[in-house]
Amino acid sequence: MPLFNHNSPLFICAAAALCPLLFQFLHFACSESFIGVNYGQVADNLPPPAATAKLLQSTSIEKVRLYGADPAIIRALADTGIGIVIGAANGDIPALASDPNFAGQWVATNVLPYYPASKILVITVGNEVMTSTDQNLISQLLPAMQNVQNALNAASLGGKIKVSTVHSMAVLTQSDPPSSGTFNPGFGGTMKALLQFHQANGSPFMINPYPYFAYQSDPRAETLAFCLFQPNAGRVDSGTSIKYMNMFDAQVDAVHSALNALGFKDVEIVVAETGWPYKGDPTEVGPSLDNAKAFNGNLISHLRSLVGTPLMPGKSVDTYIFALFDEDLKPGPSSERSFGLFKPDLSVTYDVDLSKNSQTPATPATPAPVSPTTPITPITPVPKPAAGWCVPKPGVSDAQLQSNLDYACGQGILGTAISSRPPLLLTLIQAMVSAAILVAIHEEKGILFG
């Protein structure tokens, strides 16, 4: 017996009225806080910070990572709601490690004048220190992080702003297959101590996975498709029998496996950098406009899907794309100066659907065709008797609710199938609908609700 009459005018009217509200709820719940961008400044042609802040507000980018703590940029981002990661340079680590007062002054100078108007989320202490050749710096990294944490605690910001450091993928000696991910044992107890710090303070483990570099080391056509999220045969993890369909997931899960191997699987992973250059020198393998657009565009779609990775399903890892602008003063091959999503004149280098004005809803890699539906003529609701709150009758299954939700909100109102939403959101939607959508309760009383 049906839970309610799908053809009931009151039901259709109620569904039509509530589904837009559900869409707004979904938009809020699915805000793209997982999409960030790196804002490097090794350049002499960057737009003014205020113009950059306006540009960011016109996009779905919700977080920005700075490599330093430029006050002009931090001020420009005030009251925008955009999250900010600021950084202490590698050169500051010795003083931060040896002098708590220096750490306190660093926080007093770079954080306190701007927070909370400027939404500082994380302070990174150093960049890729663990894989540097400076063993002295490596030994000083954790004390520096602890002193910055203590300075935040003293300012009553310890639970609001996190302290971390950024690693390259070279901290792993094994990453293929992903289930074999292992940190370099040469770090001894240093890595474990860092992870204990993250666990104790709820701060993220930040790392820079680059499928681009993986392709450079294995420049086959099938590897390129795997790295660009394009159709490919996939790669089976011999340890878990999981088939991976893209390099990004494989690299992130390798990090997860390495954390798990040391007993820290619950430490959050943040992708501090990933990207693809849109041009390079003739001798470089991989840089091109098409490849950059494919990688970043498909990465963004993958993150928006909230599918997650095989080992961390149902959520998207916070990911900072490299980079916001080209950095024309960076040394090295041409590719190093060709990662920018935007040009100095604020126009796009190539379109990856980041503009709020042009953004389209996330869809699967191969979306199913959507059949047009006949618009429903609004029907004036029949006055209904006053009633209290409605709750699902005990025994009504999720599958039954889902079946009716699919009908109610599949009338061309939402534009995407509810079943494609993440499980947590689906549960929330079911709860909302079960309590509100059936205003035609007087017709259905005793069938679905009691």
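## Close-up views of a predicted model

**View 1. D218 and R220 pair through their side chains.** In this predicted model, a salt bridge joins the side chains of D218 and R220, with 2.8 Å from N to O. How accessible are the two partners? D218 is partly exposed, because its relative accessible area is 22%. R220 is partly exposed as well, with a relative accessible area of 40%. The pairing also belongs to something wider: salt bridges that share partners bring D218, R220, E222 and R235 together in one network. As general background, side chains of opposite charge can pair when their charged atoms come close.

**View 2. R65 and E273 form a salt bridge between two strands.** Here the closest N and O atoms of R65 and E273 are 3.4 Å apart. Which parts of the chain does this pair link? R65 sits in strand β2 (residues 63–66) and E273 in strand β11 (residues 269–274), so the pair links distant parts of the chain, 208 residues apart. Both R65 and E273 are buried.

**View 3. E327 meets K330 in another salt bridge.** The closest N and O atoms of E327 and K330 are 3.9 Å apart. Are these two residues buried or exposed? Both E327 and K330 are buried. To place this view in its setting, the whole structure holds 9 salt bridges.

**View 4. Helices α6 and α7 pack against each other.** Helix α6 covers residues 135–154 and helix α7 covers residues 189–201. Their axes lie 10 Å apart and make an angle of about 15 degrees, which means that α6 is roughly parallel to α7. The crossing of the two helices is left-handed. Which residues make the contact? From α6 come I138, L141, L142, M145, Q146 and Q149. From α7 come T190, A193, L194, F197, H198 and N201. Sorted by kind, the residues of this contact are 7 nonpolar and 5 polar, with no charged ones.

**View 5. H167 is a buried residue of strand β5.** Strand β5 spans residues 162–168 and includes H167. Why does H167 count as buried? Its relative accessibility is 1%, and buried means under 20%. Leaving aside residues up to four places away in sequence, H167 touches E128, M130, M191, L194, F205, M206, I207 and N208. One of these neighbours, L194, also appears in View 4, where L194 is part of the contact that α7 makes with α6.

Methods
Residues are numbered from 1 along each chain as its sequence is written. This is a predicted model: local features need pLDDT of at least 70, side-chain atom pairs count only at pLDDT 80 or more; totals for chains, interfaces and linings use all residues. Side-chain values use heavy atoms; hydrogens and water are left out. Axes are lines fitted to C-alpha atoms, for helices over the stretch in contact, and angles run from 0 to 180 degrees between N-to-C directions. Angles under 35 degrees count as roughly parallel, over 145 as roughly antiparallel, 65 to 115 as roughly perpendicular and the rest as oblique. A crossing is left-handed if the near helix is turned anticlockwise from the far one by less than a right angle, and right-handed if clockwise. Contact means heavy atoms within 4.5 Å. Ala, Val, Leu, Ile, Met, Phe, Trp, Tyr, Cys and Pro count as nonpolar, Asp, Glu, Lys and Arg as charged, and the others, Gly among them, as polar. Buried means under 20% relative accessible area, exposed over 50%, partly exposed in between (1.4 Å probe, protein chains only). A salt bridge is a side-chain nitrogen of Lys or Arg within 4 Å of a carboxyl oxygen of Asp or Glu.
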